[in-house]
Amino acid sequence: MSMIVDLQESEGWLAASQWPSWLTSDWLSENDARLVCRLTHPDDLTALRAIAPLPERLLAYPDYSVLQQHLERGDRDKLHRVFLQCLGAEQYVTIAPGSSPPTSPIRLESRLQQGKLESCKPQLAFVSPLPPAASGVAGYCAEILPYLAENYDITLVVANPEDLDHSLASMYETIDHKQMMRDGGRFDRVMYHFGNSWFHYEYFLLLQAHPGVVVLHDAYLGHCIISNHAQFGTTELLQKVYASHGWAAMPDCDGPVKQTINLYPACASVFNGSYGVVVHNRHAKEILYQSLEPEMLTTLGEVPLARQLKRLPDRSAARQELGIPEEITLYSTFGMINPNKCLVELMDSWVSSGLANNPSVKLYFVGGGNRDWEMENRISNWISRLPDPQQVTLTGYVSSEEYDLYLGASDVALQLRRNSRGESSAALLDCMGAGLPTIINAHGSMSEVPDETVLKLNDDFTASDLAEALTSFATDTESRREVGRTARAYVKAHHSPATAASAYRDHMEASYIQSPDVLIDQLQADIIGSKLRELPADKIFACSDAIEDLMRCAGVRRTALAGSQLFVDISSLVQHDHQRGVQRVVRNILRELLLNRYLGYRVEPIFFDSATGYFLYARAFTNRFLHTAPLHLSDDTVEAMPGDIYLGLDLCYRVAQQADSRQWLQFWRGRGVRICHVVYDLLPVSLAEGFTSDEITVYTNWLTAITAISDRVACPSRTVAHEYRQWLQSENSGAPAIPVITEFQLGADMEARSGGGALNATEQALLEKLQHQPYLLMAGGITPRKGHEQVVEAFNELQRQGCRLSLVIAGSIDENHQHYADRIQQLGDGSSSIYWVGCVSDAMLKVLYQRAAGTLLASSGEGFSLSLLEAAYHGSALLVRNLPVFREICGEYAWYFDATDSTGLATEIKTWFGAYRDGVLPDSSWIQSVDWQRSAAQLANSVIPARALSGRSRLL
Amino acid sequence: MVTAPPLAETSVQSESVSALQAELEKAQWDNVQLRRELLRWKLLARQHEDQLREIQSNPSWRILSVVRILPELKHRWKLLLLVAALGLVTLPFWPVLTLLILFPAGRDLVWRTLWKIRPLRDLMGFIRQKIVRHTEVFTPSVYDRPVNVVSPAEGGMTGERAHWLLLQQLCPQRRAMLQDYGLTTTPLVRDDESPDLLSLSRAEMSVLRVSTNGQATAICGSAGSP
């Protein structure tokens, strides 16, 4: 959008008699404009959307009372201006009701200017491990520092400045992490180098306090996070996996910690806390695009890994120094010893290639560092079994001078990898830069190296492939030289530190200039920072929270959670599970949505907390619900972004009706959150005689409320959808735009993932009793609507007639209908063919369905009928009342009855029983049913919009 | 000369192009999802292969075959095993423990010691969770930030105190992590009930940024700042 039309307060527009005639949808389209308005009252949104042209171009945001109370006019104006800037428009106009078309819109200074610095050499805090720390990142950073120093006035931030290499300490100002935490605000720029080891652990917190640009050396950060195991155990890792990958990832984290670390990058906090992120190769980008949602990755850039071409000692000198004879062909593999270097495969190939018996070749494992004792022992054992154990040497950790000697002395390098974490191999570039012919496999970022510069094997190479490569290089000296020359030229051209440092600078400057986060952080520091001596701490927090929410309205990702969110409202279920049909639906659909990885949304159960007056994330509940390891996460207030979805899955009347909760739905809708509700049935409207007047009033008010605020309404059957449409017509509710009505099917496989459990002794005894007699099953809650009275009387009649069919009634008794249930029980007291089994387990219900002659549904009205679907799913024949909803579900595969009195029903049952004995009943197994997984997917499809995916698939 | 198609035709074309575009995007998204899932399964398979290799190559694992199944066991069984093992190991100390439990100070000491042992804390949490589940009383796990805090403008509050009060707004885990940075001379309050509790609220990050910003520390002062 290039223009913002600021309507200011909603109140004035609703009080005004008419909308400006010039402000039409055509005008908005021609000027590429959108409307922005502050909601004086939350419910103004509905009325405003009714009168505004193109309601989808209306952005309405709350009138934050805390900001009105505690900020001066000047600060509020500043805030409003940043808000408009974050919307990304070039110009804006402020209009009032009755005003004429704007002639001179005000230009908004582009936010591209905000981060520019006047000084030619900005102060840069360079946060990274540095030599002598035993980390690859440390050595790398020492190499690029001089080149970065050409553009920045650098201060080094390290854990222990006193241990820092003297040459670095003498060249740069150095501070420790504590000082950085206290004093980091003074820097113009901050650059963090994140790797997957304990050296980088403290950067997470430093980054939260002092954001900057992150150079991500590994896409996976699990090992780094778990390095603080002593303080927080696995909790912190799980928390970061949840924030990065959502609830769907949590069941995978129930296994060994290693599994969690290997499966999930857990690096969202790096993206959320920083102004920009840089990786060193395309493979790392691919990993991130495959693991995180693209909304997170807008600041991601790629800079080639820098590698200085070394001045190495010549071959003869190096060999003399190392004591290696001239005539030997020396194979070396460089880097730390660990299983990811495919050393087992190398050892196998060394033997199978015959090189183990060749006295003119030698193999050196150059490197150590983080010692993998098991792997080293394995290599040592292998060496001792070789025909000539002197042929292979394990050097252990070597100094950089020795490292260079080995590079200079080698003839062939072997750099094999597996299990890449998105890193770029500095050792590979060292080998190539030294002009060594290098054998690699096309794994991870190494697949991006041009084919002509190395001898590249397949990613999943075999031992014979490697053996062949080893022998070919052993004999073909000319080919070795040619590959080595090309490799050196390639490294010189593409990986020079000067080129990389310049790319780092470009990315950093672009991030600081373009990121709206810089602007918002500056604003927070400016406005809130100036209030620190005036306002109490809780008010400061509240103001900061309100500013964050306002910026989220403008579409700036100010949330710790990765990805767009699908909020599933379970306000009723978190308080109490009534164990009725609706709760059964909510539980099953919620579980399936939470475990579904393919929605493109992270599913977040939420509930309205009347104590705080906010919607909260139901994290504690969900943790328990999914039986996952404790996350120790706070049930924070919900942070909604444009493009998120709210799904009112639970039947909780108060949320949409009462002002304190409804206001949030209006606020969210105002910023572009799609509001959806599920209407399970319209029985209080369509079958009013079964409900009290209070129940009808509550229900009708709820239906009116959700109609006014919803974009979509999902119904569990065509019949309910039809009834809802009829209700909308009859009410003529005056709602400006009625919601889109969609349908989905309910699942029939009970609590599919709960396993069902075993039968208890009472249940088994009952089954034994029922073993030799045919029975009809009535399942479901006992309410007048379900027709139990008519059925019991009919069975009394049948018993008098000598019919040998029994009736089993399973279902809970609603406390509101206790008297009715007592009456029904009294009615059936004299009958020996009626069994009351109350509320039974899923396992029992399943057996009852399977063994029943049939299932009887005598309801006078249903929105959906879980017992009908479940009975059909388990192959029970159906005897059901002739209702449209049953006709819709069962078609011709059920036996319908119309009888309205007990005598008529007794006759119908008798006829049905005859057909049962003759084996001519309709086969209910033909009824099309779905499981809960499919049901949840249908519901999700009906509420999730088709998304613009061009950005998502850019890389893949 | 090529003439422009009639408007109606253009709109039909544009509709079919956008439909095609939508289909293409859907296919691309499916592709991304499939690749994600493939990657996940590949990683899982590799994980299990590594585990198997580890078990096969490690003699101690081979001898103690029962230990092989440990990673596969449910948490509850692991905890039960742990409790049983602890029970057996600590058998000689039970008389001393009994004696300690008789006195309030002793009970306090035992409780504080037990609380420091993570598996036991997990066990206690697990049991509490079970009890809560059965009673079906839902308690949101909300971090209650201090409210009605004294205003720094009242009564000559020091900058250090105001800064301390601001940091108290942060959740227990963040406070515990900040403890070592010496932002205030008075240590931040440790939350012994739930030291791991983390709030992911974005406002926390902003408050931390404001509180550690140069301007804020200049106003409030901070321990150890020059």
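Author: A salt bridge is a side-chain nitrogen of Lys or Arg within 4 Å of a carboxyl oxygen of Asp or Glu. In this predicted model, the count between chain A and chain B is 2 salt bridges.

Reader: Why is the pair Arg209(B) and Asp521(A) called a salt bridge?

Author: The N to O distance between the side chains of Arg209(B) and Asp521(A) is 2.7 Å. The limit is 4 Å, so the pair qualifies. Side chains of opposite charge can pair when their charged atoms come close.

Reader: What makes Lys78(A) and Asp526(A) a salt bridge, and which parts does the pair tie together?

Author: The closest N and O atoms of Lys78(A) and Asp526(A) are 3.0 Å apart, and the cut-off is 4 Å, so this pair also counts. Lys78(A) belongs to helix α5 (residues 73-86) of chain A and Asp526(A) to helix α24 (residues 516-527) of chain A, so the salt bridge ties together parts 448 residues apart in sequence. Over all chains, the whole structure has 48 salt bridges.

Reader: How do you know that chain A and chain B touch, and how many residues are in contact?

Author: Contact needs heavy atoms within 4.5 Å. By that criterion 97 residues of chain A are in contact with 87 residues of chain B. About 7900 Å² is buried between the two chains, with carbon and sulfur atoms giving 56% of this area. Arg182(A), Arg533(A) and Phe541(A) supply 11% of the area that chain A buries against chain B, more than any other three residues.

Reader: How many residue pairs are in polar contact between the chains, and which helix gives the most to the side of chain A that touches chain B?

Author: There are 24 residue pairs in polar contact between chain A and chain B, counting those with both residues at pLDDT 80 or more. Helix α25 (residues 537-553) of chain A gives the most to that side, with 8 residues. By class, the side of chain A that touches chain B has 38 nonpolar, 28 polar and 31 charged residues.

Reader: Why are β3 and β5 of chain A said to stand at the edges?

Author: The open sheet has 5 strands in the order β3-β2-β1-β4-β5 (chain A), with mixed pairing. β3 (58-62) and β5 (106-107) of chain A each have a single partner strand, so one side of each has no neighbour in the sheet. Helix α30 (residues 659-671) of chain A packs on this sheet and touches β2 and β3 of chain A, its direction making about 140° with that of β3(A).

Reader: What makes the pairing in this sheet mixed?

Author: Both senses occur in it. Strands β1 (residues 3-9) and β2 (residues 33-39) of chain A pair in the parallel sense over 6 bridges, and Met3(A) has Ala33(A) as its bridge partner in β2(A). β1(A) is also parallel to β4 (residues 91-94) of chain A, over 4 bridges, with Val5(A) opposite Val93(A). β4(A) and β5(A) run antiparallel.

Reader: How do you know that β4(A) and β5(A) pair?

Author: Pairing requires at least two bridges, and 2 bridges join β4(A) to β5(A), so the condition is met. Tyr92(A) stands opposite Ile106(A) in β5(A).

Reader: What is phi of Gln8(A), and which peptide bond is cis?

Author: Phi of Gln8(A) is near 65°, a positive value in a residue other than glycine; Gln8(A) lies in strand β1 of chain A. The peptide bond from Pro131(A) to Pro132(A) is cis, with omega near 15°. Pro132(A) is in the loop between β6 (123-127) and α6 (136-148) of chain A. Most residues other than glycine have a negative phi, and most peptide bonds are trans.

Definitions and conventions. Residues are numbered from 1 along each chain as its sequence is written. Chains are lettered from A and ligands numbered from 1 in the order in which they are written. This is a predicted model: local features need pLDDT of at least 70, side-chain atom pairs count only at pLDDT 80 or more; totals for chains, interfaces and linings use all residues. Side-chain values use heavy atoms; hydrogens and water are left out. Buried area is the accessible area (1.4 Å probe) that two parts lose on being put together, summed over both. A polar contact is a pair of N or O atoms within 3.5 Å; within protein, one must be able to donate a hydrogen and the other to accept it, and residues adjacent in sequence count only if both atoms are side-chain atoms. Ala, Val, Leu, Ile, Met, Phe, Trp, Tyr, Cys and Pro count as nonpolar, Asp, Glu, Lys and Arg as charged, and the others, Gly among them, as polar. Axes are lines fitted to C-alpha atoms, for helices over the stretch in contact, and angles run from 0 to 180 degrees between N-to-C directions.
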